[in-house]
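Here are some notes to read alongside the structure, for someone opening it cold. Have the 3D view ready and pick out the side chains as you go.

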Amino acid sequence: MKIQRFILQHKTQTAIVSGALIAAAFAVKGLFHWQTGWQAALIAASILGFLPIAIQAYQALRVKVVSIELLVTIAVLGAFIIGEYNESAIVTFLFLFGALLEQKTLEKTRSAISELTKMAPASALLLDEAGGIEKVAIDEVAAGDRLLVKTGAQVPVDGVIAEGSGHLSEASVTGESQMAAKGIGDRVFAGTILENGTLKVTAEKVGEDTTFGKIIELVEEAQDAKSGAERFIDKFAKYYTPAVLLLALAVGVFTRDLRLAITILVLGCPGALVIGVPVSSVAGIGNGAKNGILIKGGEVLDAFSKVDTFVFDKTGTLTDGKPTVAAIKDYDPSLALTELLTLTAAVERESDHPLGQAITAYAAVTDYPAVSETKVVKGQGIAATVAGHQLLVGNEKLLATAGVLLPAQMQADLELLQKAGHSTVLTAVDAKAALSIGIKDQIRPEAAGALQQLRRMGAKQLVMLTGDNQVTADRVGQQLALDVVKGGLLPEDKSAYVRQLQAAGRQVAFVGDGVNDSPSLALADIGIAMGSGTDVAVETSDVVLMQSSFANLVHGYGLTKKTVANMKENIAIAVGTVLFLLIGLIVGYIYMASGMLVHELSILVVVVNGMRLLGYRRAPKSVAEAKAKSAVPAS
């Protein structure tokens, strides 16, 4: 066993020595006409190259697998017995050299995951209660621990910044090359790099539970998961190899031509067919991982490439998922707009309502006036005293209850805002209507252009399903030129519509980010989760867009189509090579060594062809598309 292990561990060196012996054999014959030296070198090369191939064939037979190595072993033995030492030596060398090239190129296709694994944090700087710093292994860090991250260091855990600020490179998690500015309260992810600043981070997720850890786990599982094409070829090889053995035996018995039978064994090796599809699959998944797109396996590649209907959730998917101030107008000439906004933001600081948070974020006030006598009116808003003024901040009902009349212009403006899908917040100062604010969950600026690209790439129907009211849903649908828009839906209604599409023969991809999207993500032919979404959505999906980017959705769709096309190209190359060799064998222009050379070259060709996917990046079809940013109006 030790000898077998030693031989297999040194296959590369064996191939090199074998090649050198073959070169020496032809040199002594051509230069010195030394027949004995020529034969001795070829015999040595044959035996040396034969050993690792025969060991692999034996190991496969022990588990009842008739492998490619068995075909070569029998062929080499036959060639050796009939004295064709040059054939046996060249065949073993080419087989070993082809295996070496295959190994090296496959290692490169898996470079995306190996680079990720190398980037996984190994240690952390742990802060104790007294402020001391201790360097500990990452396995010793627990949720709740406080860690120090210095400039140039990796963030070791998923957590929240407790102190400090800085710019982080999050390319390892999101695929985005731009720096992300982070401060107190912001989330950080394991594996990202602090380019400047110093942070104190409270750990939330550690080890395999971090976003980075899950990325590695998902990509490893995906690269091991086989597509339908791969499973078919595995099954094909299982029956094809014994069939070639029987064919060679039959040819040998009926023709009495041992050389021909041995040549059939050599040329019958389905190497390119067996390796062509897996290398395409691994390279495609690797390209996705490198660009922040997690594709969970070969089966997903197949299904995603066939999608003809995209179904989108609205909030957090087609829109930013975060309401922002989109329109603001004042109606009290006695107070400046900036003063009105400051007073309103001071009141809204007392609330954790999303609309209030949007107003305080928009106001960006650093020095707030004092707020007193705050009274929250449920479902209406807040009444408070600010800087000597009596303020009402809320909806129309709050002002009406307090007897505040709305000027005609304000009423007209409110009607326009509400028709455009805005939520409105009104401010009254000292019993006088003073300010209207329109707040809206904005459509992602890149959404419209990306959706049109999906259409050009094969999407026949674009659908939006949302829990929002139909008026708001229709407004978004019109701006994005969607085919079907349905509002006021519960999670079960969304799932039912996905089933309806599937029953009509559609290949459906559902794109969402929330817990309520999980049933539809799981039910669709392909579930696509925005990486900024919930853990449940990410876990139940088939594809994860770590940047929550529509550009990545387009890239992923194009990548899967390109990968499946690449698989078909490799199958065509492999089958074409077999036909070429068989015809050449019949006609008489292919012999054992030349056939083996063509066979090994075909393996190299399919591997290199598959590797092209590592550099895939969808090119814009026009200058306009390259510069396109959807011109979606704020209102």
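What follows is a set of numbered points on aromatic rings, a few single residues, a hairpin and the salt bridges.

1. First, a caution: this is a predicted model, so treat each distance and angle below as a property of the prediction.

2. Start with the aromatic rings. The count of aromatic pairs comes to five. In one of them, F310 and F312 have ring centres 6.2 Å apart and planes at 15°; that angle is under the 30 degrees used as the limit, so the pair is stacked. Both residues are well out of reach of the probe: F310 is buried at 0% relative accessible area, and F312 is buried at 0% too.

3. F310 has another partner worth clicking on. With Y557 it makes an edge-to-face pair, 5.0 Å from centre to centre and with 90° between the planes. F310 belongs to strand β9 (residues 309-313) and Y557 to helix α23 (residues 550-587), so this pair ties together parts that lie 247 residues apart in sequence. Y557 is buried as well, with 0% relative accessibility. If you would like to see the wider group, select F304, F310, F312, F550 and Y557, which form one aromatic cluster.

4. A ring can also have a charge for company. Look at W38: the charged end of K29 sits over its ring, 4.0 Å from the centre.

5. Next, D308, which I'd ask you to look at with some care. You'll find D308 in the loop between α12 (298-305) and β9. What is the nearest side chain of opposite charge to D308? It is R506, 4.4 Å away, and D308 is buried yet has no salt bridge. The cut-off for a salt bridge is 4 Å. Setting aside residues up to four places away in sequence, D308 touches G458, A459, K460, Q461, R506 and Q507.

6. For a plain piece of backbone, try the hairpin of β1 and β2. Strand β1 (residues 123-127) pairs with strand β2 (residues 133-137) in the antiparallel sense, over five bridges. To get your bearings, find L125, which stands opposite K135 in β2. The hairpin has five residues between its strands, and G131 takes a positive phi near 95° there.

7. G166 is another glycine to visit. It is part of strand β4 (residues 158-169). Is G166 buried or exposed? G166 is buried, with a relative accessible area of 7%. Its contacts, leaving out neighbours within four places in sequence, are A180, A181, K182, L194, N196, G197 and L199. As for K150, 16 residues away along the chain, its C-alpha atom is 9.9 Å from that of G166.

8. Now the salt bridges. How many does a search of the whole structure find? The search finds eight salt bridges. One of them joins R187 and E204, with the closest N and O atoms 2.3 Å apart. R187 is in strand β6 (residues 187-188) and E204 in strand β7 (residues 193-205), 17 residues apart, and the pair links distant parts of the chain. Both ends are partly exposed: R187 has 48% relative accessibility and E204 has 38%.

9. A further salt bridge runs between D413 and K329, where the closest N and O atoms are 3.3 Å apart. Since D413 lies in helix α17 (residues 408-419) and K329 in strand β10 (residues 319-330), the pair ties together parts that are 84 residues apart in sequence. The two ends differ in exposure: D413 is buried, at 14% relative accessible area, whereas K329 is partly exposed, at 36%.

10. Then there is R612 with E569, whose side chains meet in a salt bridge at 3.4 Å, N to O. R612 is in the loop between α24 (592-611) and α25 (623-627), while E569 is in helix α23, so parts 43 residues apart in sequence are tied together. Here R612 is partly exposed at 45% relative accessibility, and E569 is partly exposed at 32%.

11. Last, a salt-bridge group with three members: R146, E163 and K200 are linked in a network.

Note on methods. Residues numbered from 1 in each chain as written. Predicted model: local features only at pLDDT ≥ 70, side-chain atom pairs only at ≥ 80, totals over all residues. Heavy atoms only, no water. Phe/Tyr/Trp six-rings, centres within 6.5 Å; stacked < 30°, edge-to-face > 60°. Buried < 20%, exposed > 50% of the residue type's maximum accessible area, 1.4 Å probe, protein only. Helix = DSSP H or I, 4+ residues; strand = E, 2+ residues; numbered from the N terminus. Lys NZ or Arg CZ within 6 Å of the ring centre and 35° of its normal. Lys, Arg positive; Asp, Glu negative; His and termini not counted. Contact = heavy atoms within 4.5 Å. Pairing = 2+ DSSP bridges.
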